Amino acid sequence: MTYAAAEGRYDSMTYRRTGRSGLDLPAISLGLWHNFGDDVPLDRQRAILRRAFDLGITHFDLANNYGPPYGSAETNFGRHLRDDFRPYRDELVLSTKAGWDMWPGPYGQGGGSRKYVLASLDQSLRRMGLDYVDVFYSHRPDPTTPLEETMGALDTAVRSGRALYAGISSYSPEDTARAAAILADLGTPLLIHQPSYSMLNRWIETEGLLDTLADVGAGCIAFSPLAQGMLTDKYLGGIPEGSRASQGKSLSPDLLTDEAITHVRALGELAAERGQSLAQMALAWALRDPRVTSVLIGASSVAQLEQNVGALERLDFSDEELARIDRHAVD
Ligand code: NDP
């Protein structure tokens, strides 16, 4: 059926300013790492994307290698865009990335060479049927390539109109400061950094990345804020069939130790006292620092997505609640 976006799609979502740029992002953004490859029926993908947009999620995040197979999430997203979202292109912030291995031979093995990064962006645009993406990221630091070369490629992407903004992902605070300085010299400000961040992974606080981002004026979009599903009630009674941990994908069952589950259970009790699900509390917690522009979630169903967006109904924390969380929010 032809899709018409919900009239009230901007009524309840919160939008936050990205660093010192002019761009607002929804407090909750949707990533297409899992659940949008050729292994998932297009109908389910379509339902998740439509519901997300209807709930005010204007930002969808991709990368060249999302699938499986690599590239298929972009191809599938291109199809949904053509079928459903074409009239809404100017209401969307779409991002993609290059950094991991992608095609055979020395120029497709990932990293940060100008050759790989720009060729990958052109491939991503073709797969999605787009003239430009809103944000183009260097997906990971590449210590074997001069940072000037990688940042120069991002600057070219922006200057040539293939991207509106430049971003980096998983760079250390030191490399972030250098990358931002190089980009600033080139006249293309660093818009945003995409690091991992959750109650079970607090490196952006402890290693000073958030301070660096505030200094350079870049935003922060936190990926895997639910620790790939660990910060939900999903694994409290074992590993359910069909879950990410059951599929030999990126979430190793080895992480689901008795000790980890004990902490997750304690966090779930606090969430219940707050009238939230654990997933909702985990997202609210990751958003408690205004330097975090958005949390970038995944969802394998519309029900998960709806529950997660419900996090925005209760974002405040008392000092006592934060102290309780600190006792269980351990790497
Ligand atoms: P999350 O931590 O949000 O994990 C999402 C998974 O958790 C879902 O697929 C689902 O797993 C489970 N889940 C979500 N909501 C619920 C719920 N309410 N109840 C129970 N289970 C739930 O994020 P992801 O790890 O998926 O990462 C999000 C995005 O971040 C990616 O799509 C990508 O865009 C980006 N990313 C970027 C990286 C980078 O290097 N820059 C690396 C990794 C991610 P299940 O399938 O088991 O149902």
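Select helix α8 (residues 258–273) together with helix α11 (residues 319–328): in this predicted model, their axes come within 9 Å and cross at roughly 165°. Because an angle over 145 degrees counts as roughly antiparallel, α8 is described as roughly antiparallel to α11. The crossing of α8 and α11 is left-handed. In general, two packed helices are described by the angle between their axes and the distance between the axes.

Next, display the side chains where the two helices meet. On α8, choose H263, A266, L267 and L270; on α11, choose E321, R324, I325 and H328. These two groups of residues are in contact with each other.

Now move to strand β3, which covers residues 28–31. Which way do its residues point? I28 and L30 point one way from the strand, while S29 and G31 point the other way. All of these residues are buried. In a regular strand the side chains alternate between the two faces of the sheet.

Keep β3 in view and add strand β10 (residues 294–297). The two strands pair in the parallel sense, over three bridges. To find a point of reference between them, select I28, which stands opposite V295 in β10.

Then add strand β4 (residues 59–61), which runs parallel to β3 and is joined to β3 by two bridges. Here the residue to select is L30, which stands opposite F60 in β4.

Finally, select helix α1 (residues 42–54) along with β3 and β4. What do these three elements make? Together, β3, α1 and β4 make a right-handed β-α-β unit.

Note on methods:
Residues are numbered from 1 along each chain as its sequence is written. This is a predicted model: local features need pLDDT of at least 70, side-chain atom pairs count only at pLDDT 80 or more; totals for chains, interfaces and linings use all residues. A residue is buried if 20 or more other C-beta atoms lie within 10 Å of its own, exposed if 12 or fewer, and partly exposed in between; C-beta atoms are placed from the backbone. Helices (H or I, at least four residues) and strands (E, at least two) are DSSP runs, numbered from the N terminus. Two strands pair if DSSP finds at least two bridges between them. A crossover is right-handed if, with the strands pointing away from the viewer, the path from the first strand over the helix to the second runs clockwise. Axes are lines fitted to C-alpha atoms, for helices over the stretch in contact, and angles run from 0 to 180 degrees between N-to-C directions. Angles under 35 degrees count as roughly parallel, over 145 as roughly antiparallel, 65 to 115 as roughly perpendicular and the rest as oblique. A crossing is left-handed if the near helix is turned anticlockwise from the far one by less than a right angle, and right-handed if clockwise. Two residues are in contact if their C-beta atoms, placed from the backbone, lie within 7 Å.
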